[in-house]
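Please open the model in your viewer and keep the selection panel at hand, as this tour moves from one element to the next.

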Amino acid sequence: MSAAAVEHPCDDEPELSLLEEADRLAEQLPGRRVEIIGGVITVAPPPDGPHADALTTLMIPLLAAGLHGEESRVLQGIGLWLPGGPEDYAIPDLALVDADLDAHRLENDCYDPAVFRLVLEVTSSNYKSDLRHKVAAYAEAKIPVYVILDRRHSRVHVLTEPVGGSYDRHEVYAPGQEAPLPESIGAAVVLDVAELIKAGRAKSRPSDA
């Protein structure tokens, strides 16, 4: 999901840490996703129907491959602690994690990046966050696989082999193609790009009678 940066409080307000400010915003803006990426607080809008539909469609092949079981779990909206800043964290739309993740809980109800096998984002209005800032953040966290469903440009991106603040491999798939995921996630999974793009596209409303 995409996000927009948030301004800090006025100078005459008590100074808060980034985490405290993020928690305050999360309480004030229920339903929105608050993250700290690169030392900047961002707030993502609530997902629309097509976003949720695409996310469910993405989950189906992961579940069918048996990845939600005793060794790994497929989870939505779980916190990922990021090494890029002292208080950075993200909440990817979807994640594939080791089943023992509860033993790796860190600050702010977030989890150690080492338990994440894959993270996935479905773009919304500010798609550049998912395509730029989070690429660097997830690569720095050494997340092995980052998948982006880019609804604006009707593509699926599969990024692998994180090195520093980028990924060495970046494959882009269009409708009519299938996007294979690395078997290192725990099973062979192939995504139907046309099906995902269709699920994530806003449905036209019937004309008034």
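**Starting at helix H1**

In this predicted model, begin by selecting helix H1 together with strand E2 (33-37), strand E3 (40-44), strand E5 (79-81) and strand E6 (89-90), for these four strands are what the buried residues of H1 pack against. Which are the buried residues of helix H1? Within residues 18-28, which make up H1, they are Leu18, Leu19, Glu21, Ala22 and Leu25. If you now turn the view to look down the axis of H1, these buried residues fall within an arc of 160 degrees, so they line one face of the helix. A general rule helps here: an α-helix has 3.6 residues a turn, so residues three or four places apart point the same way.

**On to the sheet**

Next, select the six strands of the open sheet, which follow one another in the order E4-E7-E9-E10-E11-E12 and show mixed pairing. At its edges you will find strand E4 (72-76) and strand E12 (166-173), each of which pairs on one side only. Neighbouring strands of this sheet are turned by 15 degrees against each other on average, with direction ignored.

Now narrow the selection to strand E9 (residues 116-122) and strand E10 (residues 145-150), which pair in the parallel sense over five bridges. Here glutamate 121 stands opposite isoleucine 148 in E10.

Finally, add the helices that pack on the sheet. Helix H2 (residues 49-64) touches E4, strand E7 (94-98), E9 and E10, and its direction makes about 150 degrees with that of E9. Helix H3 (residues 128-140) touches E9, E10, strand E11 (155-163) and E12, and the direction of H3 makes about 170 degrees with that of E10.

Terms used:
Residues numbered from 1 in each chain as written. Predicted model: local features only at pLDDT ≥ 70, side-chain atom pairs only at ≥ 80, totals over all residues. Heavy atoms only, no water. Pairing = 2+ DSSP bridges. Helix = DSSP H or I, 4+ residues; strand = E, 2+ residues; numbered from the N terminus. Axes fitted to C-alpha atoms, helices over the stretch in contact; angles between N-to-C directions. Contact = heavy atoms within 4.5 Å. Buried < 20%, exposed > 50% of the residue type's maximum accessible area, 1.4 Å probe, protein only. Arc of directions from axis to C-beta.
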